[in-house]
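Let's take a walk through this protein together, one spot at a time. Keep the structure open beside you and look up each residue as we get to it.

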Amino acid sequence: HLGIAPDVTTLAETLQAAGYQTAAIVSNHYLAPEFGFARGFDRHVAYDGNSYGGGLNALDVVDTLVNETPRALGPRFVWVHLFEPHMPVRLRDAEAPPAALAGIAQREVTGEHHAWLVRDHSPAATAHPDALRTLYQADVAWADSALSALLQRFPEAAVVATADHGEAFGEHKRFGHGDTLYDDVLRIPLVVRDPKGTGAGTTSDRPVTLGDAHGFLRELAGLPSLDDRTVSGSENTLPISIFEAAYRGPDRVAVVLGPRKLITTLPAWGLDSRVGAARLERQGFLLNEDPAEQHPVPLDETWADLVAATADHLSVALPGVHLRCAPGFHAFIHTTGALLRLVPLDLPPDANLGLPPGRRTVDLNVPLDGPEAWIVVESADGGVPTVVPEAACTVTVVEAPGSQAGLDAERREALHAIGYIE
């Protein structure tokens with residue numbers, strides 16, 4: 001249920017099959033072999049990237065790569081994952097933290113170094129976003145020194161340097177990452193060094209994602225692209241980019257096309273502490289006019305394509321049993337196990353949706369003179385629910401990453417402890 005699906009071929013597997021020697025040095029336990037991230041690597045080394053907790057840091061990773069890994073005789077692919085920069089933020093080898101955070105910074109010692117650590121969600125820290133940014137910028141500089149050492153050691157290598165997320169510093173009353181899809185978290189650096197010098201010193205406004213970097217690396221290796229999306233691809237077509245968030249808040253989906261961005265927040269009724277709005281919430285932004293995303297615009301018919309793209313994505317990406325129930329029916333949906341999740345994706349204004357005691361039955365009444373209802377349910381055993389009357393709803397089972405069905409009690413408890421499920 002978590003990690004890379006077995007039927008997905010990774011970039012490392014592709015390059016390994018093409019004759020490349022492959023190595024990975026990673027710093028996050030979610031990149032461990034049990035999640036599929038060792039597939040295709042001749043050497044996969046995980047280190048403790050939480051340097052504030054006594055582990056290694058970014059410079060140690062580069063030292064490992066340069067000093068312990070011999071130069072390959074043939075083509076080579078190396079993935080170096082640095083923990084820095086990341087929340088919680090830290091200021092290393094300084095005599096004292098910024099004055100605004102002096103009372104809440106914790107001192108951590110790692111070998112010859114020490115750091116001032118500040119938890120980004122503490123009330124005192126969030127009251128001083130500028131001081132938090134100062135620490136974060138120091139973390140960026142720390143990682144930058146590691147990247148510099150790497151580039152100098154391999155001057156003829158093709159390099160793609162990027163990140164997995166940014167951090168929020170109160171722009172939308174949020175700090176850190178994981179529970180929003182605003183650009184302060186989504187926009188990340190993407191720097192490409194082509195050994196042929198192609199495009200040196202230039203920048204592009206064309207929207208790209210990590211998937212585009214994948215295509216660029218395939219191109220450099222002389223392999224066919226999986227699609228038309230590459231960093232060096234055509235500027236004539238703008239792809240739709242889709243993002244998801246399901247970490248600390250209600251599941252969210254963002255769809256971006258050109259300057260338009262649509263953020264959809266999904267409701268989760270009565271099942272956990274993440275309950276948001278009773279129905280879907282949508283926010284539209286024109287990024288060319290409002291890059292800070294402070295002023296949502298009214299959603300008219302010109303946004304229909306992004307609304308449809310969101311629905312198409314959810315129809316295959318939201319795990320669970322999708323029920324589309326026709327108008328004029330009062331349906332009872334009986335799950336085979338305890339109900340874990342109930343998401344009304346499209347609920348007509350006059351429809352009634354109830355969750356009686358027992359967490360095994362959903363009561364849905366769809367008015368005769370309206371559109372169909374679309375809800376998603378997921379029960380603990382992953383079974384397909386019974387619908388009474390049977391003709392009321394069509395049933396589609398979607399198996400996708402993020403499903404909670406079938407997880408044993410120990411795994412569910414562990415995921416709950418770190419905030420990945422409720």
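Start at Trp-374, where Arg-324 lies over the face of the ring, 3.8 Å from its centre. Keep in mind that what you're looking at is a predicted model. You can find a similar arrangement at Trp-303: here Arg-260 lies over the ring's face, at 5.6 Å from the ring centre.

Now step one place along from Arg-324, to Cys-325. Which residue does Cys-325 form a disulfide with? The partner is Cys-393, and the two sulfur atoms are 2.1 Å apart. If the word is new to you, a disulfide is a covalent bond between the sulfur atoms of two cysteines. Cys-325 sits in strand S15 and Cys-393 in strand S22 (residues 393-398), so this pair links distant parts of the chain, 68 residues apart. The torsion about the S-S bond is about 100°, so the disulfide is right-handed. Both cysteines are buried, and this is the one disulfide that the structure holds.

Stay in this neighbourhood and look at the nonpolar residues. The largest nonpolar core has 19 residues, and Leu-323, Val-362, Leu-364, Ile-375 and Val-377 are the ones with the most contacts inside it. Which elements give two or more residues to this core? They are strands S15 (320-325), S16 (330-334), S17 (339-346), S19 (361-365) and S20 (373-379). Zoom in on Leu-323 to get a feel for it. If you skip its neighbours within four places in sequence, Leu-323 still touches a whole list of residues, including Ile-333, Ala-373, Trp-374, Ile-375 and Val-377. Cys-393 from the disulfide is also in contact with Leu-323, and so are Val-387, Thr-394 and Val-395. There's a second, separate core too, made of 14 residues, and among them are Val-255, Leu-257, Trp-303 and Leu-314. That's the Trp-303 whose face has Arg-260 over it.

Next, find Pro-348, in the loop between S17 and strand S18 (352-354). Is Pro-348 buried or exposed? Its relative accessibility is 4%, so Pro-348 counts as buried. Pro-348 and Pro-371 are 23 residues apart along the chain, yet their C-alpha atoms are separated by 6.3 Å.

Let's move on to the aromatic rings. A pair of aromatic rings is described by the distance of the centres and the angle of the planes. The count here comes to six aromatic pairs. One of them is Phe-37 with Trp-79, a tilted pair with 6.3 Å from centre to centre and 45° between the planes. Phe-37 lies in the loop between strand S1 (21-26) and strand S2 (43-46), while Trp-79 is in strand S3 (residues 76-80), so the pair ties together parts that are 42 residues apart in sequence. Phe-37 is partly exposed, with a relative accessible area of 24%, and Trp-79 is partly exposed as well, at 24%. Another pair is Tyr-136 with Phe-169: the ring centres are 5.4 Å apart and the planes are at 65°, so this pair is edge-to-face. It links distant parts of the chain, with Tyr-136 in helix H4 (residues 129-153) and Phe-169 in strand S8 (residues 168-169), 33 residues apart. Tyr-136 and Phe-169 are both buried. Back at Phe-37 and Trp-79, you'll see that they form one aromatic cluster with Phe-41 and Phe-77.

Strand S2 is worth a stop as well, since Arg-43 lies in it. At 28% relative accessibility, Arg-43 counts as partly exposed. Arg-43 is 21 residues from Thr-22 in sequence, and 6.6 Å from it in space, C-alpha to C-alpha.

Now try a helix. In H6 (residues 210-220), the buried residues are Asp-212, Ala-213, Gly-215, Phe-216, Leu-217 and Arg-218. What covers them? The cover includes helix H1 (11-17), S3, strand S7 (159-162) and strand S10 (190-193). After H6 comes Gly-222, with a positive phi near 75°.

Finally, zoom out to the whole protein. There are eight helices and 22 strands, and buried residues make up 42% of the 422 residues. Among contacts between residues at least 6 apart in sequence, 65% join residues at least 24 apart. The protein exposes about 21,500 Å², with carbon and sulfur atoms supplying 54% of it.

Terms used: Residues are numbered from 1 along each chain as its sequence is written. This is a predicted model: local features need pLDDT of at least 70, side-chain atom pairs count only at pLDDT 80 or more; totals for chains, interfaces and linings use all residues. Side-chain values use heavy atoms; hydrogens and water are left out. Helices (H or I, at least four residues) and strands (E, at least two) are DSSP runs, numbered from the N terminus. Buried means under 20% relative accessible area, exposed over 50%, partly exposed in between (1.4 Å probe, protein chains only). Contact means heavy atoms within 4.5 Å. Accessible areas come from the Shrake-Rupley method with a 1.4 Å probe; for residues, only the protein chains shown count as cover. Rings of Phe, Tyr and Trp (its six-membered ring) pair if their centres lie within 6.5 Å; planes under 30 degrees apart count as stacked, over 60 as edge-to-face and the rest as tilted. A charge sits over a ring if NZ of Lys or CZ of Arg is within 6 Å of the ring centre and within 35 degrees of the ring normal. A nonpolar core is a set of buried Ala, Val, Leu, Ile, Met, Phe, Trp, Tyr and Cys residues joined through side-chain atoms within 4.5 Å. A disulfide is a pair of cysteine sulfur atoms within 2.5 Å.
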